[in-house]
Structures are given as C-alpha cells and as structure tokens.
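Here are some exercises to work through with the model open beside you. Try each task before reading its solution.

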Amino acid sequence: MSQSSPAAHVQTETQPAQRERSIAELKQIASQVRRDIVRMVHAVNSGHPGGSLGCTDLLVALYFRIMKHNPDFSMEGHDEDLFFLSNGHISPVFYSVLARSGYFPVSELATFRKLNSRLQGHPATEEGLPGVRIASGSLGQGLSVAVGAAQAKKLNKDDRTVYVLMGDGELNEGQVWEAALYAPHRQVDNLIAIVDRNGQQIDGSTKEIMNLGSLRAKFEAFGWLVLETDGNDLEKLIASLEEARQLLGQGQPVMVLMDTQMGAGVDFMMGSHKWHGVAPNDEQLEKALQQLLVEEASDY
Amino acid sequence: MKEFPYSESKDTRSGFGAGLHELGKTNENVVALCADLTGSLKMDAFKKDFPERFFQVGIAEANMMSMAAGMTIGGKIPFTGTFANFSTGRVYDQIRQSIAYSGKNVKICASHAGVTLGEDGATHQILEDLGMMRMLPHMTVINPCDFNQTKAATIAIAEHEGPVYLRFGRPVVPNFTPADQQFEIGKAVMLNEGADVSIFATGHLVWKAILAGKLLAEKGIDAEIINIHTIKPLDAAAILQSARKTRCVVSAEEHQMNGGLGDSIAQLLAREEPLPLEMVAVNDSFGESGTPDQLMEKYGLMENDIVAAVERVMARKK
C-alpha cells in the first residue's frame, strides 16, 4: 500500500473546474477517492462504504468536471454551482471529494468520525467544515433544501445550478414527495436532482422493503424532466449530466435516475445491502486496496 | 399598582403581519413562506406587495422548513408562517437538523398557540411548543404579549443572525405596550415594581398578570410584574434581581408546566437562589374545544389563578 507519496494531480489543485480533465484522469481520481473511503471506514470500524463507493463516480464527475465551484469556501456560494448531499450517511465519499478538490487538507480525512473532528459521522456545518452547507443524515430533507437554495439563486439573479443527491431508499420519506410536488409547481428549473438507484436499503432490497415502482413514471407525473443513466460509467454519467444541464431553464426541474452498484469498485462489496453500513476488517481492506489501483496513490 | 392604558384590543398575529409587511419594505432579503394559512397568519399584505418574495408551499410544512433553510444559503432571511402546532411538533426533525443544528437564519413564526385558539380543540392547541424549541441548541424563543410588541419583535428578529421561534396567537388582547418600543431580544421588561412577590409572565398571560396585580393591590399585596417576552435566552439577571428582592416567585404562561417559562425559572432558581415558586400553566393536560375565555378559565390561566398562586407562594415565603 502506498502511504504518502504526494500526487500533485489530485492533491493540491485549487481551481479544479478551470481545466477539463480527461476521463482517464477522472478514473484515477475516482480510484483514489475509493481508496480514501475504504481506509476511512476501516480506521474507525464504522461508516457507510457501500453507497459511498457507488456514488464515487458521480461526485468525482460533479466536483472535477461538471460544477463550477470554489474551494475557497463561502456559505452563500454566489455565482457557483451548489451540491447538497441528502443521503448524508455516504459522507466518506463527500469528504474525500471535498478534500481532494482543495476544500480542506487531505490529511484531515484521518479524523473521520473521531472525537473533536470536523468530519462528523454525517455531514454538519456545526464544526465549520468547508464545503458543507447543511447538516444531513436524517433522510428526506435535502431535496427541499436544494429547492430553497435554487429559489434563492433565482431571487439573487444568480444563474448557476443547484445539484442534490438522494438515495433510492430515501424516497420512502414523505417529505421528498412534498418537494417533488413543489418544484415543478414553482418552476424551479435551475435544479438537478439525482437519485442513487442502487436498489438497496438497510433491511434489504428496495423492491422488498418498499417497492418504488417506476420512478420515471412517478417523477414525470409530478412534472419533472427525467433522465436515466449508468452511475458507474463515467463517460455515460458525464454525458447525462451535460444533457441534464441542457434541459434547465425550461420551467421544469430535472431528475437524473442513476443506476449504481452499491460497493462499486470493490468486487466483494458490490451489489449487496450487507455493505451499507459495515466497515471492512484488516484483511478485507487490503483486498479492497489491491483492487483500487492508482498510478500515483496519495493516501493520506 | 401602575395603570396600563390602552385604546384598543388587537390580536398578536396581526402584529406579526404588520411587522412582516414593514420588513418587506425595509429589508429586501426578507422572504416569507406560508403553508396554506396566509389569511390566518395575516401575511396577505406582504404577499400582495412583495409577491416575488412570497412562497406559498401548500400544506407541506416539512418541505417549508427545509426549504427555508436552503434559502438562507443564498443570504435570504426566511419567515415561515403556520400554526404553532404545525411549526414545531410536526416538523421538529426538520427544524432540528436543517435549521438549528445547521445554524440557519430562519424565523419560525407560529400563530394560534395555546388554548386561546379555541373551538378547533386540542389537535390544534399546542401547549408544548416553547419547551420543544427551548431545548434546541442555537434556538432563540420569543413570546410577545400584545400587537405592538409582536410587531416590534418581528422587526427585531430580522436583524438577529440565527434561528428564532416567534410565538403569537389568535385572540384580541389589550394593546398596551408602546407603538415605538425598542424590542431587545433577551431583555425582560419591568412593568410594575413591587416588594412582595415577583410575577414573571409571557405572551397572553402578561395582561392577566396586570389584572392580577390590581386584584392583589386591593388585598394590600405589592406585586412586581415582569414581562418575559424572550424565553431563551432567559434574562437571568433580571429574574434573579427581582426574586432576591421579593423572596418568592410566580410564573404565568399559556403552555404546559413542563418545558415552558416556569420550568426555565425553576432551573435558574434551583441553581442560583432556591426560593418558593408557583407556576400558572397547564398541568400535564391537552386542551379541548370551547371559547378562548372558557378554556383559559377551565385550564387555570386567569388573573384569579395568578392571585391564588401568589397567595400560595407568599405563604411559603420564609
């Protein structure tokens, strides 16, 4: 395992949105982020690796390619794209991507879930971690928050976009549907919501626990423009996010239903709800890291 | 006992509506959200004059609270409006996570608090809201006593950075505080200086305390009456100063005994100056249908209840 060789291409950039990265570069970053995730949850023997690994490609695409954002963090984020993580339990991927895009030192990832850390188990603003704009963890609130932030942007004549990621299990929460009803009604068309459709929740498959049926049909019936994509194929994902941006400004919010594998990138974690909230042991960590190879790993 | 002249009785919710409309004119960052109760909350004037800053969210309070939190991120100062019941109990988790824990500058404006909501009954008469909001870290909790004070409080909280719970009600009550008052969050208002007992009242019970003060004066009891419009942060200095002078205390509020103003004062006295305390409040019970006056009487929230509490507490005085 490569412990500390500094890799400038992922560690020290401060203006990630200014140069367009190649898919190959993004894949390298995604592998590094996945290494961070498994090491973070292993270190404290807690946290949620499954969904974090599944959503790694999305967060890498957003922070290293799609979004205009500034790691010199301001809460208001005027003239920036904003991202909200509604399913806050996948904080490891959020923290890694924020650190790797320059919001705070990568070395701080070592404090994840430990006492006196800014990297709380679920994202929070209380400790002032740059990049986090609202606490999340209790599910179902992020879409409403994003709708509010998007409307504030409209009032401020700020034409940037608001992104929000939700889990599919999270759609069990009634509040999601309050916001889903509201956003088309008020023509909140500077909003791209993304659902991580990995088909798993804590107690089992979403089909078994609370069948979501056709999410496309549901959101279309509510008045959303809906796209479907592969959330673990960076090229397809980026194309879909770019297409989603083209759909903005037409009076409707945009929903991206993104199919992912829980645990993507680590074969023994993939596709099973068992890795929703369980950390790998020492042996499993080594096995995972062997699968997540990076040319110049810069593990914290 | 001082006189408290007034020219008319008005509802505190109208004071909120007037204050909000004023803010619309003076602060372009103020936005208002309402969950299908625009008329009840007296938000019509704001809606009419500032339609682009008014957000009708329908009967969806959870969405309203989290959305308000999101709007603060763009520098807006959202005022949410619905009944106190739907402003607190229904959305406690949204307030806790998205507003209080996240330190968001949302003003939760809550009408129809307490039994004076009247005929709709206990489903709508919340008596636990001050307690719930008071327990939340970062939350400021305000319960003004009349139209003028509610208007002044509404304007004042826009200047205060951080989450605020502002509680007011439906019935008309004497509008006796000055129209030009400076509302200072966390600063108790001395209404009548007295030597025998300290009465700390909040919200609709402030006027009842004044009426009680007159009855007590006839009995030769010199009551000190203080308006505690801010439940949190509590003006501990003012309360202790008065209690140390009179050596006995009565609290009065349209709220459960558990969790409200009396509870706050009990904590303070137990820590700093153990003195006898009697609480005029609802005693671990839900409300019911009836007229506001009937309910205030049945649930022990009238001036004669304050007088009785004063007599009890004075008998315990050492």
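**Exercise 1. Confidence in chain A**

What is the mean pLDDT of chain A, and what percentage of its residues reach 70 or more?

*Solution.* Start by keeping in mind that this is a predicted model. The mean pLDDT of chain A is 93, and 70 or more is reached by 94% of its residues. Next, look at the beginning of the chain: over residues 1-17 of chain A, pLDDT stays under 50. The model still has 31 contacts beyond four places in sequence for that stretch. Where pLDDT is low, the predicted coordinates should not be read in detail.

**Exercise 2. Overall dimensions**

Compare the radius of gyration of each chain with the value for a compact globule.

*Solution.* Take chain A to begin with. For 300 residues, a compact globule would have a radius of gyration near 19 Å, and the 18 Å of chain A agrees with that. The C-alpha trace of chain A spans about 50 × 45 × 35 Å along its principal axes.

Now turn to chain B. Its 318 residues would give a compact globule a radius of gyration near 20 Å, and the 19 Å of chain B agrees. Along the principal axes, the C-alpha atoms of chain B fill a box of roughly 60 × 40 × 35 Å.

**Exercise 3. The open sheet of chain A**

Work out the strand order of the five-stranded open sheet in chain A, then find its edges and a helix that packs on it.

*Solution.* Chain A has 11 helices and seven strands. Five strands form the open sheet, in the order 1-2-3-7-6 with parallel pairing. Strand 1 (82-85) and strand 6 (225-230) of chain A are at the edges; each has a single partner strand, so one side of each lacks a neighbour in the sheet. From one strand to the next, the twist averages 20 degrees.

For a closer look, strand 2 (residues 162-167) and strand 3 (residues 191-197) of chain A run parallel and are joined by six bridges. Within this pairing, Tyr163(A) has Ile192(A) as its bridge partner in strand 3 of chain A. Helix 10 (residues 234-246) of chain A packs on the sheet, touching strand 3, strand 6 and strand 7 (254-259) of chain A. The direction of helix 10 makes about 170 degrees with that of strand 6 of chain A.

**Exercise 4. A mixed sheet in chain B**

Describe the five-stranded open sheet of chain B in the same steps.

*Solution.* Chain B has 12 helices and 14 strands. The order in this sheet is 9-11-10-13-14, and the pairing is mixed. Strand 9 (189-192) and strand 14 (277-282) of chain B stand at the edges. The twist averages 25 degrees from one strand to the next.

Strand 9 of chain B pairs with strand 11 (residues 223-227) of chain B in the antiparallel sense, over three bridges. Here the bridge partner of Met190(B) in strand 11 is Ile226(B). Helix 10 (residues 261-272) of chain B packs on the sheet and touches strand 10 (197-201), strand 13 (249-256) and strand 14 of chain B.

**Exercise 5. Where the chains meet**

Which element of chain B gives the most residues to the side that touches chain A?

*Solution.* The contact takes 21 residues from chain B and 26 residues from chain A. On the side of chain B, the elements giving two or more residues are helix 3 (61-72) and helix 5 (92-100). Helix 3 of chain B gives the most, with eight residues. By class, this side of chain B has nine nonpolar, 10 polar and two charged residues.

Notes
Residues numbered from 1 in each chain as written. Chains lettered and ligands numbered in written order. Predicted model: local features only at pLDDT ≥ 70, side-chain atom pairs only at ≥ 80, totals over all residues. Pairing = 2+ DSSP bridges. Helix = DSSP H or I, 4+ residues; strand = E, 2+ residues; numbered from the N terminus. Axes fitted to C-alpha atoms, helices over the stretch in contact; angles between N-to-C directions. Contact = placed C-beta atoms within 7 Å. Nonpolar A, V, L, I, M, F, W, Y, C, P; charged D, E, K, R; others polar. pLDDT = per-residue confidence, 0-100. Rg over C-alpha atoms; globule rule 2.2 N^0.38 Å.
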